[in-house]
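Subject: A structure for you to explore

Hi there,

Here is the structure I promised to pass on to you. Please open it next to this email and look up each residue as you read.

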Amino acid sequence: SVLPSIDGNWQGANVVDIVDNYFVYNKPSSQQWAATNPLSPISPALSFSSKDGSPDDLVAIIVDRREVYLLGEMSSEAWLDVGSVPFPFQRIQGSSTQQGIAAPFSCARMGNSFAYVSKNNRGEAMIVRMNGYIPERISTHAVEQSLLNQRTDNAVAFTYQIEGHEMYVVTFPSIGDGLTWVFDLTTQSWHKWLYWNAAQAKYERHRANCGCFFQQMYLVGDYENGKIYSLENEQY
């Protein structure tokens with residue numbers, strides 16, 4: 001869609017999601033977020049509100065079970081559509097946590113919740129899964145050791161399921177030749193995905209950068225050449 005020039009409310013966005021027929025999105029480098037009119041991605045926002053439980057900027061938004069989770073630099077909180085005016089959402093009491101997100105695109109749905117690379121005012125690079133309103137650590141010491149003193153803010157993640165196993169795939173492109181860790185929700189264990197670069201005789205990060213389920217196939221996009229592949233258990 002092309003945004004009309006008369007839409008003065010649009011401030012740009014890094015992340016967008018949908019709940020109760022509202023498109024919700026953030027205003028970059030601020031605490032603010034907004035909702036469009038119902039079912040309209042291009043109409044002016046009803047109004048802005050702010051992640052106001054803590055003074056850190058809003059980094060990512062994800063909708064889970066009709067609740068809007070606002071993940072900030074050092075904290076998070078959840079909001080719910082209560083039909084109020086002029087802004088329809090209201091912060092849920094008791095949902096604030098002292099755990100933010102280190103990489104906005106590391107957030108991905110998994111099981112009945114979602115996971116992401118976390119950050120707070122005591123450190124970063126622990127990977128957590130939201131349990132209700134509480135971020136619970138799922139990364140191991142081995143995973144965290146590989147992320148220690150490394151750049152993690154550009155991590156990207158997606159999730160998929162195969163043969164009863166749901167996987168959280170997170171790649172850190174700036175660590176060495178790239179590093180891809182995978183968490184198996186069913187077995188509660190981690191493993192690495194590697195790509196063998198025959199021309200340079202070395203292992204690198206996995207080629208998959210993003211993914212989605214489409215027409216009975218799980219498709220992934222190659223970060224380097226733009227090709228689309230189907231993930232298959234029988235193929236490396």
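Arg151 is partly exposed, because its relative accessible area is 48%, and cut-offs of under 20% for buried and over 50% for exposed leave that value in between. Asp153 is partly exposed too, with a relative accessible area of 41%. The side chains of these two residues, Asp153 and Arg151, meet in a salt bridge, at 2.6 Å from N to O.

Before you go further, please keep in mind that this is a predicted model. The average pLDDT of the chain is 91, and 92% of the residues score at least 70. Where in the chain is confidence lowest, and where is it highest? The lowest mean, 85, belongs to strand β4 (residues 47-50), while strand β16 (residues 179-184) has the highest, at 97. As a general habit, predicted coordinates should not be read in detail where pLDDT is low.

Back to the salt bridges. How many does a search of the whole structure find? The count is 11. One of them is formed by Asp20 with Arg66, whose closest N and O atoms are 2.8 Å apart. Asp20 sits in the loop between β1 (16-19) and β2 (22-26), and Arg66 in the loop between β5 (58-64) and β6 (67-72), so this pair ties together parts that are 46 residues apart in sequence. Asp20 has a relative accessible area of 28%, so it counts as partly exposed. Arg66, at 43% relative accessibility, is partly exposed as well.

Another salt bridge is formed by Arg207 with Asp222, and here the closest N and O atoms are 3.0 Å apart. Arg207 is in the loop between β19 (202-204) and β20 (208-214) and Asp222 in strand β21 (residues 217-222), so the pair links distant parts of the chain, 15 residues apart. Are these two residues buried or exposed? Arg207 counts as buried, at 15% relative accessibility, and Asp222 is buried with a relative accessible area of 6%. You can also look for Asp52, Glu77 and Arg91, which are joined into one network by salt bridges that share partners.

While you have the loop between β1 and β2 on screen, take a look at its backbone. Most residues other than glycine have a negative phi, and most peptide bonds are trans. Asp20 is not a glycine, yet it has a positive phi of about 50 degrees. Asn21 lies in the loop between β1 and β2, and it also has a positive phi, of about 70 degrees, although it is not a glycine. With a relative accessible area of 40%, Asn21 is partly exposed. For the peptide bonds, go to Val85 and Pro86: the bond from Val85 to Pro86 is cis, with omega near 5 degrees. You will find Pro86 in the loop between β7 (76-81) and β8 (89-91).

Next, please visit two residues that lie in strands. His165 is in strand β15 (residues 165-172) and is partly exposed, with a relative accessible area of 25%. Leaving aside residues up to four places away in sequence, which ones does His165 touch? They are Tyr160, Asp184, Thr186 and Thr187. The side chains of His165 and Asp184 are joined by a polar contact of 2.8 Å. If you would like to try a distance yourself, take His165 and Gln188: they are 23 residues apart in sequence and 10.0 Å apart in space, C-alpha to C-alpha.

The other residue is Ser49, found in strand β4. Ser49 has 16% relative accessibility, so it counts as buried. Not counting residues up to four places away in sequence, Ser49 touches Gln31, Gln32, Trp33, Trp79 and Phe87.

Last comes the largest pocket, which holds about 700 Å³ of space. It is lined by 24 residues, and those closest to its centre are His206, Leu231, Glu232, Gln235 and Tyr236. Which elements give two or more residues to the lining? They are β14 (156-162), β15, β17 (189-193), β18 (195-197), β21 and β22 (228-230). You have already met two of these strands: β15 holds His165, and β21 holds Asp222.

Have fun exploring, and send me your questions!

Best wishes

Key:
Residues numbered from 1 in each chain as written. Predicted model: local features only at pLDDT ≥ 70, side-chain atom pairs only at ≥ 80, totals over all residues. Heavy atoms only, no water. pLDDT = per-residue confidence, 0-100. Helix = DSSP H or I, 4+ residues; strand = E, 2+ residues; numbered from the N terminus. Buried < 20%, exposed > 50% of the residue type's maximum accessible area, 1.4 Å probe, protein only. Contact = heavy atoms within 4.5 Å. Polar contact = N/O pair within 3.5 Å; in protein donor to acceptor, adjacent residues only side chain to side chain. Salt bridge = Lys/Arg side-chain N within 4 Å of Asp/Glu carboxyl O. 1 Å grid on protein atoms, 1.4 Å probe; cavity = no way out; pocket = protein on both sides within 12 Å on 5 of 7 lines; lining within 4 Å. Points joined across faces, edges and corners; volume = space filled by probe spheres on them.
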